[in-house]
Amino acid sequence: MPDVLPQLRHPTAYEMQRALLHAPQLSPRDYRHITVAPVSGAIGAEVTGIALGAIDDAAMGEVVTALADHLVLVFPGQTLAPADQVAFARRLGPVNPWPYARPMAGYPELTELVSGPADIHNFGGGWHTDSSTFPRPPAYTVLQCIEGPDAGGDTSFANQYLAWDTLHETVCRGLEGRRLIHATAKGFGDHSRSTGSGHVTTTPVVVPPEHEGLESRHPVGRTHPLTGRRALYVNAGFAARFEGHSVEESQPLLDALAAHGGIPEFTCRVRWRPGTLVVWDNRCCLHYAHNDYRGQRRVMRRAVVEGEVPV
Ligand SMILES: [Fe+2]
């Protein structure tokens, strides 16, 4: 194990400001087809002045650029029909069905994630990236709110370029070349057929038998294929251990890196309204679904865009 725990500490104000200086977050580019307004100093932007159901190539190019700059784009008031949400997601790359839940009727690429009033657990209630156990984890997630509570059910996002850039250089050196095992059994163990379902939500999640033992090895620091920037790629939900080490040996450093990734200064928080559509880049940000709306119903439609093998 790299002996870097002593150097893992909260970044100083100087380190935080130096990392933020490299971010285009607070100074959006000049766009001709969209209006981009940052939602925090670290990550995320609200995009208006565009209808995603009828987006042309020029505007789509600007959306892709803004996504690379801001990592999370919030499009309020879109209310896309299922076919239009799939069509928009396809502009970003291949869209595959998610194999752990029944797809929406007639739309195999869409999963409807429903939280009912009696649900105690929710989807994604902890810092994670989507499906990092896959050999090619999703590059983007395209999530639309269909129904939501008046208050509660927000999603937070954390910029993992900033997480990497604020690590002590000794830590970065120690993590160089290291890989983590991302295990389905850790993230979805309760949902597998062999262990039964302990985390019940209104939309049943069932891990098919061929996925129960699925594990992938991904670098701890991954390089984004479009921006060339390095991001911390530690997923508390799925990362089980360092390659070549046991769970017990790995846990202290894993916990410390996961906590670093979720430092409040790296984050923004998105409030959903029916018709709000959010796109985020799983390669460089974490997300966290707040579970604070018990007794109410929340319905979200999700498409995931296939990514590349992390390097
Ligand atoms: Fe998620």
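Q: Buried means under 20% relative accessible area, exposed over 50%, and partly exposed in between. With that in hand for this predicted model, is Cys284 buried or exposed?
A: Let's compare the value with the cut-off. Cys284 has a relative accessible area of 2%, and anything under 20% falls in the lowest class. Cys284 is therefore buried.

Q: How far is the sulfur of Cys284 from the closest cysteine sulfur, in Cys285?
A: Both cysteines are shielded, as Cys285 has a relative accessible area of 1% and Cys284 one of 2%. A disulfide needs two cysteine sulfur atoms within 2.5 Å. The separation here is too far for a bond, at 5.7 Å.

Q: How many disulfides does the count come to?
A: A disulfide is called when two cysteine sulfur atoms lie within 2.5 Å. The closest cysteine sulfur to that of Cys285 is in Cys284, too far for a bond at 5.7 Å. For the structure, the number of disulfides is 0.

Q: Which residues coordinate the iron ion?
A: The donor spacing along the chain reads H-x1-D-x156-H, which tells you to look for two histidines and an aspartate. The contacting atoms are NE2 on each histidine and OD on the aspartate, at 2.1 to 2.2 Å. The residues are His128, Asp130 and His287.

Q: How many residues apart in sequence are the parts that Asp130 and His287 tie together?
A: Asp130 sits in the loop between strand E4 (111-115) and strand E5 (138-147). His287 belongs to strand E14, residues 285-289. By sharing the iron ion, the pair links parts whose separation in sequence is 157 residues.

Q: What is the relative accessibility of Asp130?
A: Asp130 donates through OD to the iron ion, and its fellow donor His287 is buried at 5% relative accessible area. Asp130 also counts as buried, because its value is under the 20% cut-off. That value is 6%.

Q: Which residues line the second largest pocket?
A: This pocket holds about 160 Å³ of space. Its lining has 4 nonpolar, 1 polar and 2 charged residues. By name, the residues are Arg102, Pro103, Met104, Ala105, Glu112, Thr203 and Pro204.

Q: How many polar residues does the lining of the largest cavity have?
A: The largest cavity holds about 50 Å³ of space, and the structure has 5 cavities of 30 Å³ or more. Its lining includes Ser115, Gly116, Asn122, Asn291 and Gln296, and glycine is placed in the polar class. Alongside 2 nonpolar and 2 charged residues, the number of polar ones is 7.

Q: Which residue other than glycine has a phi near 75 degrees?
A: Most residues other than glycine have a negative phi. The residue in question lies in the loop between helix H2 (57-70) and strand E3 (72-75). With a relative accessibility of 2%, it counts as buried. It is Leu71.

Q: Is Thr79 buried or exposed?
A: Thr79 has a positive phi too, at about 50 degrees. It is placed in the loop between E3 and helix H3 (82-90). Its relative accessibility is 60%, over the 50% cut-off, so Thr79 counts as exposed.

Q: What is the relative accessibility of Gln85?
A: Gln85 lies in helix H3. Leaving aside neighbours within four places in sequence, its contacts include Leu110, Val142, Leu277 and Arg301. Gln85 counts as buried, with a relative accessibility of 0%.

Q: How far apart in space, C-alpha to C-alpha, are Gly221 and His211?
A: Gly221 is in strand E9 (residues 221-223) and counts as buried at 10% relative accessibility. Beyond its neighbours within four places in sequence, Gly221 is in contact with Trp164, Arg230, Ala231 and Val311. His211 is 10 residues away in sequence, while the C-alpha distance is 25 Å.

Q: Leaving aside neighbours within four places in sequence, which residues is Pro225 in contact with?
A: Pro225 lies in the loop between E9 and strand E10 (230-232), and at 45% relative accessibility it counts as partly exposed. One partner is 83 residues away in sequence, with the C-alpha atoms 8.5 Å apart. The residues in contact are Arg283 and Glu308.

Notes:
Residues numbered from 1 in each chain as written. Predicted model: local features only at pLDDT ≥ 70, side-chain atom pairs only at ≥ 80, totals over all residues. Heavy atoms only, no water. 1 Å grid on protein atoms, 1.4 Å probe; cavity = no way out; pocket = protein on both sides within 12 Å on 5 of 7 lines; lining within 4 Å. Points joined across faces, edges and corners; volume = space filled by probe spheres on them. Donors = N, O, S within 2.8 Å, 3.2 Å for Na, K, Ca; no water. Helix = DSSP H or I, 4+ residues; strand = E, 2+ residues; numbered from the N terminus. Buried < 20%, exposed > 50% of the residue type's maximum accessible area, 1.4 Å probe, protein only. Contact = heavy atoms within 4.5 Å.
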